[in-house]
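Let's look at a model together and ask how each label was earned. Feel free to keep the viewer open while you read.

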Amino acid sequence: MKAKVDPDTCIGCQLCTQTCPQVFKMEEDKAVVYVNIVPVGAEACCKQATDECPVTAITIA
Ligand code: SF4
């Protein structure tokens, strides 16, 4: 599974970095995905972060 944050949409609320720090981190005022492949153990929190992003900036595939 891969995840991506659209930097034009992200409002930097930090929710995803709190929900799933294994995948997301803040870089300046935007969240970024810092892993190439989402670790198996982090797939659930990554999906949760995707569902909970207030501006739907995260996509997973
Ligand atoms: S939850 Fe969405 S808006 Fe908030 S920091 Fe993460 S990607 Fe950006």
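Below are some questions and answers about this predicted model.

Residues are numbered from 1 along each chain as its sequence is written. Since this is a predicted model, local features need pLDDT of at least 70 and side-chain atom pairs count only at pLDDT 80 or more, while totals for chains, interfaces and linings use all residues.

Q: What makes up the secondary structure of the protein chain?
A: There are two helices and four strands, in the order β-α-β-β-α-β from the N terminus on. Helices (H or I, at least four residues) and strands (E, at least two) are DSSP runs, numbered from the N terminus.

Q: Why is the protein chain called as compact as a globular protein of that length?
A: Its radius of gyration is 10 Å, close to the 10 Å that the globule rule gives for 61 residues, so the label fits. The radius is taken over C-alpha atoms, and the rule is 2.2 Å times the number of residues to the power 0.38. Those C-alpha atoms fill a box of roughly 25 × 20 × 20 Å along the principal axes.

Q: Why is Ile 58 called buried?
A: Ile 58 has 25 other C-beta atoms within 10 Å, so it counts as buried. The label takes 20 or more other C-beta atoms within 10 Å of the residue's own, 12 or fewer make it exposed, and anything in between is partly exposed, with C-beta atoms placed from the backbone. Of the 61 residues, 25% count as buried.

Q: What does Ile 58 touch beyond its neighbours within four places in sequence?
A: Ile 58, in strand E4 (residues 58-60), is in contact with Ala 3, Val 5, Cys 16, Ala 49, Thr 50 and Cys 53. A contact means C-beta atoms, placed from the backbone, within 7 Å. Val 5 is 53 residues away along the chain, yet the two C-alpha atoms are separated by 4.6 Å.

Q: Which residues have the most contacts inside the largest nonpolar core?
A: They are Cys 16, Cys 20, Val 23, Phe 24, Cys 46, Ala 49 and Ile 58, in a core of 14 residues. Strand E1 (3-5) and helix H2 (43-52) each supply at least two residues of this core. Such a core is a set of buried Ala, Val, Leu, Ile, Met, Phe, Trp, Tyr and Cys residues joined through C-beta atoms within 7 Å.

Q: Why is Gly 41 called exposed and Gln 14 partly exposed?
A: Gly 41 has 8 other C-beta atoms within 10 Å, so it is exposed. Gln 14 has 13 and is therefore partly exposed. Gly 41 sits in the loop between strand E3 (30-33) and H2, while Gln 14 belongs to the loop between E1 and helix H1 (15-19).

Q: How do you know that strand E2 (residues 24-27) and E3 pair?
A: They form four bridges in the antiparallel sense, and pairing needs DSSP to find at least two bridges between the strands. Glu 27 stands opposite Lys 30 in E3.

Q: What makes phi of Glu 28 stand out?
A: Phi is near 55°, a positive value in a residue other than glycine. Most residues other than glycine have a negative phi. Glu 28 lies in the hairpin of E2 and E3, which has two residues between the strands.

Q: Which residues are the closest to the ligand?
A: Cys 10, Cys 13, Cys 16, Ala 31 and Cys 53 are the closest of the 14 residues that surround the ligand. To belong, a residue's C-beta atom, placed from the backbone, lies within 6 Å.

Definitions and conventions: Contact = placed C-beta atoms within 7 Å.
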